[in-house]
Amino acid sequence: MSRTSRSLRNRTKNTIATNPSSPRRVRARTSRTGRIRYAFDNSMSRGTPALVAWLGAASLVLILAFATVITVFNLREGKAAADGHKGFLNELFQTMLHALDAGTVAGDAGSWPLLITMMAVTVAGLFMISALIGIVAAGIDARIADLQRGRSQVVESGHTVMLGWSDAIFPILSELAMANESSRRAVVVILADRDKVEMEHEIREKVPDLRTTRVVCRTGSPIDIADVALSSPDEARSIIVLSPGGADPDSDVIKTLLALTHTAHDGPPVVVEIANPDNVGTARMIGRGRAIIIDKRSTVAKLIVRTSRESGAAAVYTELFDFEGDEIYFHQDHGLAEQKYGAVLRHHENASIIGLLDCDGVALLNPPHDTPVGESSLIVVAGDDSMLATLRHSCAEVDESAITASVNAAEGPSRVLLIGWNESTKTVVAELDNYAEPGSVLTVLTELGEPQLPVLRNLVATIQRGSTTARKRPGDACHASLGPGHRAPVLR
């Protein structure tokens, strides 16, 4: 066995030494010729600038070569030479004209060797110019395609950044367009993991009137630090992080918040939308004081409950929370630091003061009249933020004797019908229990799921199975539970 192995090793050694296609010979040949080709391939792969540079070098070599041939062999004779069209620099210039402009050859005169040489320069120049046009056109197409991909850096300041994509983006854009109506160069930058052209097309369809606001879309992952940097978040006026939806939307929202706050504790304020109330604490910890956390489920539940208890409350909330009509603003440079709150209530004619915002960011709505204003900002209701700098002083007299205090009648037990059940209903029920008087009745009508009611202090809740879309007759269980002739708020 050892003799056989030794003979095989010797045979392999001899083959490698004599075979021209052996690995050692391949390496030797590659080291001589392959390095130049490898360097050339690398330079060509750098894109349009490298291609134009190589084409320019080839054109220069071509012009020098033909100019040298004409000068060395003295091809230009006769009238052209007598007129001074002779010499290497002149031949270099003439050759360059023939290479760049094919029509120059029509004006040539001289011997046939000169004409043939100039014709050859012209033909070679045609190939060079054609190649240059193709390279430039391909480079422009590549640049346009790159811009359409939405991967270029946004160079803006004072803009609004929106990270993520959801159905909420369209009403938010509509509100921002109304809020920015007094600004001439308002910009909203949207960064989402979607195609840039698709985002722009969908925005044009669903938000056709953006007024003075310009929307810039960029494609990238909101949880990637490098992609988030494309939107220039440090130069923004504010940042909005949208909940993307799905089974666990808060996971992506928290990762996006980490990408925003990983390097700096300060910066523009960040408004974050959280779907699950259990994740609010984590988002606040990561936000480091910069993030304003919107608990979507709890906020919507509170609005539903309060608008169901007070007739017309929905119109008031809509008027104050959207940017059509009057809105709530914080007025800082008011010049009323020495005044008491009661004295500034009727100070402005075209704005209504409803509270104070202290230096710690705590809002005090309708505080006692002897509260000093000091360094606090005024919470005002005004038509637009552009009006705050030119608020007119009110000169109207107020007859305080006509002001009377009303006494609210005591509220008795109520009956509430809640139709349907989803992940937010448990929060709605808990909020209803906070406002209800002891002995109030809650009836939940649902046909899907297994409702798990929270611990209730004031409500007596019952769950009934039935269709939430079919119209019931007066004798059915749902009407019997509410009682005949009883008016009760209905929640869906």
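Here are some friendly notes on the structure above, for a colleague who is seeing it for the first time.

1. **What you are looking at.** This is a predicted model, in which local features need pLDDT of at least 70 and side-chain atom pairs count only at pLDDT 80 or more, while totals for chains, interfaces and linings use all residues. Residues are numbered from 1 along each chain as its sequence is written, and side-chain values use heavy atoms, with hydrogens and water left out.

2. **A four-stranded sheet.** A good place to begin is the open sheet with the strand order β7-β10-β8-β9, paired in antiparallel fashion. Its edge strands, which pair on one side only, are β7 (327–331) and β9 (363–365). On average, neighbouring strands here are turned by 30 degrees against each other, direction ignored. As for the terms, helices (H or I, at least four residues) and strands (E, at least two) are DSSP runs numbered from the N terminus, and two strands pair if DSSP finds at least two bridges between them. Axes are lines fitted to C-alpha atoms, for helices over the stretch in contact, and angles run from 0 to 180 degrees between N-to-C directions. In general, strands of a sheet pair through backbone hydrogen bonds, either parallel or antiparallel.

3. **One strand pair in detail.** Strand β8 (residues 352–357) runs antiparallel to β9 and is joined to β9 by three bridges. If you would like a residue to look for, Gly 355 has Leu 365 of β9 as its bridge partner.

4. **The loop after β9.** Asn 366 sits in the loop between β9 and β10 (377–382). Although Asn 366 is not a glycine, its phi is positive, at about 50 degrees. With a relative accessible area of 54%, Asn 366 is exposed. The classes used throughout are buried for under 20% relative accessible area, exposed for over 50%, and partly exposed in between (1.4 Å probe, protein chains only).

5. **Salt bridges, and a link between two loops.** The model holds 10 salt bridges, each defined as a side-chain nitrogen of Lys or Arg within 4 Å of a carboxyl oxygen of Asp or Glu. One of them joins Glu 181 to Arg 211, with the closest N and O atoms 3.3 Å apart. This pair links distant parts of the chain, 30 residues apart: Glu 181 is in the loop between α7 (169–179) and β2 (186–192), and Arg 211 in the loop between α8 (196–206) and β3 (213–219). Glu 181 counts as partly exposed because its relative accessibility is 46%, and Arg 211 is partly exposed at 39%. Arg 211 is worth a second look: it has a positive phi of about 55 degrees although it is not a glycine.

6. **A pair within helix α8.** Lys 196 and Glu 200 form a salt bridge whose closest N and O atoms are 2.6 Å apart. Both residues lie in helix α8, four residues apart, about one turn of the helix. Lys 196 is buried, with a relative accessible area of 12%, whereas Glu 200 is partly exposed at 23%.

7. **A helix-to-strand link and a network.** Lys 296 pairs with Glu 273 in a salt bridge, the closest N and O atoms being 3.5 Å apart. Here too distant parts of the chain are linked, with Lys 296 in helix α12 (residues 296–309) and Glu 273 in strand β5 (residues 270–274), 23 residues apart. Lys 296 is partly exposed at 32% relative accessible area, while Glu 273 counts as buried at 14%. Elsewhere, a network of salt bridges links Arg 194, Glu 202 and Lys 206.

8. **Cysteines.** How many disulfides does the structure hold? There are zero, taking a disulfide as a pair of cysteine sulfur atoms within 2.5 Å. Cys 217 counts as buried at 1% relative accessibility, and Cys 359 counts as exposed at 64%.

9. **A nonpolar patch.** Val 52, Leu 132, Val 136, Ile 140 and Ile 144 make a nonpolar surface patch of about 360 Å². Patches are made of residues with over 30% relative accessible area and no salt bridge, with like charges joined within 9 Å and nonpolar side chains (Val, Leu, Ile, Met, Phe, Trp, Tyr) within 5 Å. Accessible areas come from the Shrake-Rupley method with a 1.4 Å probe; for residues, only the protein chains shown count as cover. Helix α6 (residues 112–148) gives the largest share of the patch, four residues. Ile 140 is found in helix α6 and counts as partly exposed at 47% relative accessibility.
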